[in-house]
Amino acid sequence: ADGKLLEDFGTGRLATLDRDDEIVEVRLAGGSGFGDPLDRPVEMVQADLDQGYVGAEAAWTTYGCVLEAGGARIDAAASAAHRAKIKRDTTRA
């Protein structure tokens, strides 16, 4: 009632409310995915780019996609080569 945090449940724990004056704040992460972003099909990254879910910088830095001049379309062949280089460099580290 006073706004103080009584308990942080962290991740993967069940909370049970016993009274009608109890309040639970749920914070969910957004935009996370499953698996290596470099394995996301280029066509799906392109769809995300087209719909504004991903910007040009994220297409490059997160998904390893190379954009053609103008930044609207992904160059699939250049992206495959760039992704392979990232994976090679990462496995050496």
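Is Asp75 buried, exposed or partly exposed? Select Asp75 in the viewer and keep that question open for a later stop. The model on screen is predicted.

**The whole chain**

Start with the complete protein in a cartoon view. The protein has 3 helices and 2 strands, and from the N terminus on they follow the order α-α-β-β-α. The radius of gyration is 20 Å, whereas the globule rule gives 12 Å for 93 residues, so the protein is more spread out than a compact globule. Turn the C-alpha trace to look along its principal axes: the spans are about 60 × 35 × 20 Å. Of the 93 residues, 17% are buried. Take the contacts between residues at least 6 apart in sequence: 36% of them link residues at least 24 apart.

**Helix H1**

Next, select residues 42-50, which form helix H1. Show the side chains of Val42, Val45, Gln46, Asp48 and Leu49, which are buried. These residues lie on the same side of H1, because they cover an arc of only 160 degrees around the axis. The general background is that an α-helix has 3.6 residues a turn, so residues three or four places apart point the same way. Now rotate to the face of H1 turned away from the buried side, where Glu43 and Asp50 are exposed.

Stay on H1 and select Gln46. Gln46 counts as buried because its relative accessibility is 7%, and the cut-off for buried is under 20%. Beyond its neighbours within four places in sequence, Gln46 has contacts with Ala72, Arg73 and Ile74. Then move just past the end of H1 to Gly52, where phi is positive, at about 80 degrees.

**Leu38, before H1**

Go back along the chain to Leu38, in the segment before H1. With a relative accessibility of 12%, Leu38 is buried. Which residues does Leu38 touch, not counting those up to four places away in sequence? They are Thr62, Tyr63, Gly64, Arg83, Ile86 and Lys87. Draw a distance from Leu38 to Thr62: their C-alpha atoms are 7.4 Å apart, although 24 residues separate them in sequence.

**His82, in helix H3**

Select residues 76-92 to show helix H3, and pick out His82 within it. His82 is buried, at 17% relative accessibility. Leaving out residues up to four places away in sequence, His82 touches Trp60, Gly64 and Val66. Gly64 is also among the residues that Leu38 touches.

**Asp75, in strand S2**

Return to the opening question with strand S2, residues 74-75, where Asp75 is found. Asp75 is partly exposed, because its relative accessibility is 27%; that class lies between the buried limit of 20% and the exposed limit of 50%. Setting aside its neighbours within four places in sequence, Asp75 makes contact with Val66 and Glu68. Val66 is one of the residues that His82 touches as well. For a distance across the model, pick the C-alpha atoms of Asp75 and Arg13: they are 43 Å apart, and these positions lie 62 residues apart along the chain count.

**The largest pocket**

Finish at the largest pocket, which holds about 1000 Å³ of space. Select Leu5, Glu7, Ile23, Val24 and Glu25, the closest to the pocket centre among the 24 lining residues. Colour the lining by residue type to see 9 nonpolar, 5 polar and 10 charged residues.

How values were computed
Residues are numbered from 1 along each chain as its sequence is written. This is a predicted model: local features need pLDDT of at least 70, side-chain atom pairs count only at pLDDT 80 or more; totals for chains, interfaces and linings use all residues. Side-chain values use heavy atoms; hydrogens and water are left out. Helices (H or I, at least four residues) and strands (E, at least two) are DSSP runs, numbered from the N terminus. Buried means under 20% relative accessible area, exposed over 50%, partly exposed in between (1.4 Å probe, protein chains only). Contact means heavy atoms within 4.5 Å. On a 1 Å grid over the protein atoms alone, a cavity is a set of points where a 1.4 Å probe fits but cannot get out, and a pocket is an open set with protein on both sides within 12 Å along at least five of seven lines; lining residues have an atom within 4 Å of a point. Grid points are joined across faces, edges and corners, and a volume is the space filled by probe spheres set on the points. Ala, Val, Leu, Ile, Met, Phe, Trp, Tyr, Cys and Pro count as nonpolar, Asp, Glu, Lys and Arg as charged, and the others, Gly among them, as polar. The arc is that of the directions from the helix axis to the C-beta atoms. The radius of gyration is taken over C-alpha atoms; the globule rule is 2.2 Å times the number of residues to the power 0.38.
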